[in-house]
There are 2 protein chains.
Amino acid sequence: MIPNRPFRPAPRSARDKLLEAGVRLVREQGFAATSVDDLCRAAGVTKGAFFHHFASKEALGVALAAYWSSSTGGFFAEAPYHHHARPIDRVLGYIDLRLALITGPPETFSCVAGTMLQESFRTSDAIRAACEASIMGNAAALEDDIAAAMAEAGVTGTTAASLSRHVQTVIQGAFILAKSQAPDAAADLAREAIGHLRRYFELLFNAGGDEEEKMQ
Amino acid sequence: MIPNRPFRPAPRSARDKLLEAGVRLVREQGFAATSVDDLCRAAGVTKGAFFHHFASKEALGVALAAYWSSSTGGFFAEAPYHHHARPIDRVLGYIDLRLALITGPPETFSCVAGTMLQESFRTSDAIRAACEASIMGNAAALEDDIAAAMAEAGVTGTTAASLSRHVQTVIQGAFILAKSQAPDAAADLAREAIGHLRRYFELLFNAGGDEEEKMQ
DNA sequence: ACGAGCATACCGACCGGTTGGTATGTCGCA
DNA sequence: TGCGACATACCAACCGGTCGGTATGCTCGT
């Protein structure tokens, strides 16, 4: 979902190095296949450092989801789409930003929280809850703009909360479909899915596109 | 995505028992966290039987995706939604069937191929390809009906292939969001997402619902 | 100003158990 | 008799985690 730079500063402590290593390795191969030794090698620290900062591998997973939340949340909170005057333009601006972030192979744009949730939801309630907080936190950040857009356009039959969760649904699903492809074809597939999400919002809100908006 | 019964017959051989155990365990905890010993215990067979039928754990993963393809493909091929006269009704019938299948905790309705793809896409090209075949095979099965519906309704701006992939995108994403919830709330969340998929198709095809159709 | 005591960050060897896989043997059937 | 479908015993490497240690920094008493 979000590449490493420029919004996450270079890690300084062993803890930050381990979390950065965790982002990279979980995106590449998931949580269970990522050993403590893998994380230490990738971070350039020892097992002793690992277990000084994290009580267990599971604790690293929980901290990783929180780290993902704070870095992605910060990124989106400061994105320029907030400056649009109309709520629907802010929502579409968010979707366009998501589109812009999808480049390269899947492990450079996929979601750490969604990836960990997929395999750990039943084996670690702590990781499940931390991943839920991350994903639903991202969804919630969009809810007010969606609610305002619904009020402005008179959209009924659903809720802002439901629509914001749907945004996350399509994003997570887009990442899975992308992973089925060779690395250089993955981003196109993910962007295609986000394109449908945008079109759904255009249809729902009668927001046919920037050009049609200006004609009205 | 599809519960075990009634379309998959009771497994008889050790190989089928292992594949059934694989379906259950991968849905619960993913592929990497599922050991060969886990699979043998769940199947009630020994390691000798496992390695007689499968050259490696990876080979089991490839066979599992193929097994998933054949059982889900057969299920959907014989579903009653094919009987609708209008293409759009067949497409919406498919989506309604998907809705109907979503009951209970996530591990009873999630997709084995999507789950394995998420964590194995970069560590096993054989598993990636087998999962792609499964997911894209499910998508492709819907493509003709979508193409016919597009022709009938005059829908432009996208392709049948793209729309059929979007169906899979939302389904896979719905399963992830569902996994973030407590077991008894999971199905509601997945159904909510599929509801948005349905609404997108209704808006795209001006197919407002069974009642509005009849009025026209 | 300095040294003792303590806390923190980290190192790397080691632990018991698990891992994917191999070797060998047995049994039933054609 | 030979082969397929298993079972059991075993292997080396890996696993998550522990443990005794060193290095460095901080605080406080003298």
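These are my notebook entries on a predicted model of two protein chains with two DNA strands.

**Entry 1. Relation of the two copies**

I first superposed the two protein chains. Chain A can be laid on chain B by a turn of 180° with a shift of 0.0 Å along the axis, and the RMSD is 0.0 Å. I therefore record the two copies as related as by a two-fold rotation axis. I then looked up which residue of chain A comes closest to that rotation axis. It is Gly173(A), with its C-alpha at 1.9 Å.

**Entry 2. The contact between chain A and chain B**

I next turned to the protein interface. Chain A contributes 50 residues to the contact, and chain B contributes 50 residues. I noted that 100% of the interface residues of chain A are also interface residues in chain B, so the copies meet through the same surface.

I looked up the buried area as well. The size of an interface is often given as the accessible area lost when the parts come together. Between chain A and chain B, the area buried is about 4300 Å², and carbon and sulfur atoms give 60% of it.

For polar contacts across this interface, I found 22 residue pairs, with both residues at pLDDT 80 or more. I then asked which elements of chain A give two or more residues to the side that touches chain B. They are helix H1 (14–29), helix H6 (112–120), helix H7 (125–140), helix H9 (160–179) and helix H10 (183–205). H9(A) gives the most to this side, with 13 residues. Sorted by class, the side of chain A that touches chain B holds 21 nonpolar, 18 polar and 11 charged residues.

**Entry 3. Salt bridges**

I counted salt bridges over all chains and obtained 24. Between chain A and chain B the count is four. I inspected two of the pairs. In one, the side chain of Arg122(A) meets that of Glu107(B), with N to O at 2.8 Å. This pair runs between chains, from the loop between H6 and H7 of chain A, where Arg122(A) lies, to the loop between helix H5 (87–101) and helix H6 (112–120) of chain B, where Glu107(B) lies. In the other, Glu107(A) and Arg122(B) form a salt bridge through their side chains, also with N to O at 2.8 Å.

**Entry 4. DNA strand C**

I then listed the protein residues around the first DNA strand in my notes. DNA strand C is surrounded by 13 residues, and the closest are Thr46(A), His52(A), His53(A), Val36(B) and Lys57(B). Of the strand C atoms within 4 Å of the protein, 56% belong to sugar or phosphate, and the rest belong to bases.

Which atoms of DNA strand C does the protein approach? I noted three pairs. A polar side-chain atom of His52(A) lies 2.8 Å from a phosphate oxygen of the strand. A polar backbone atom of Gly48(A) is 3.4 Å from a base oxygen. From chain B, an N or O atom in the side chain of Lys47(B) is 3.1 Å from a base nitrogen.

The elements that give two or more residues to the surface near DNA strand C are H3 of chain A and H3 of chain B. H3(A) supplies the largest share, four residues. By class, I recorded five nonpolar, six polar and two charged residues on this surface.

**Entry 5. DNA strand D**

I repeated the search for the other strand. DNA strand D has 13 residues around it, and the closest are Lys47(A), Lys57(A), Thr46(B), His52(B) and His53(B). Sugar or phosphate accounts for 61% of the strand D atoms within 4 Å of the protein, and bases account for the rest.

I examined three atom pairs here too. An N or O atom in the side chain of Thr46(B) is 2.3 Å from a phosphate oxygen of DNA strand D. His52(B) places a polar side-chain atom 2.8 Å from a phosphate oxygen. A polar side-chain atom of Lys47(A) lies 2.9 Å from a base oxygen.

Two or more residues of the surface near DNA strand D come from each of helix H3 (47–53) of chain A and helix H3 (47–53) of chain B. Which element gives the most to this surface? I found that H3(B) does, with four residues. The surface near DNA strand D has five nonpolar, six polar and two charged residues.

Conventions: Residues numbered from 1 in each chain as written. Chains lettered and ligands numbered in written order. Predicted model: local features only at pLDDT ≥ 70, side-chain atom pairs only at ≥ 80, totals over all residues. Heavy atoms only, no water. Contact = heavy atoms within 4.5 Å. Buried area = accessible area lost by both parts, 1.4 Å probe. Polar contact = N/O pair within 3.5 Å; in protein donor to acceptor, adjacent residues only side chain to side chain. Nonpolar A, V, L, I, M, F, W, Y, C, P; charged D, E, K, R; others polar. Near = heavy atom within 4 Å. Least-squares fit on C-alpha atoms with pLDDT ≥ 70 in both.
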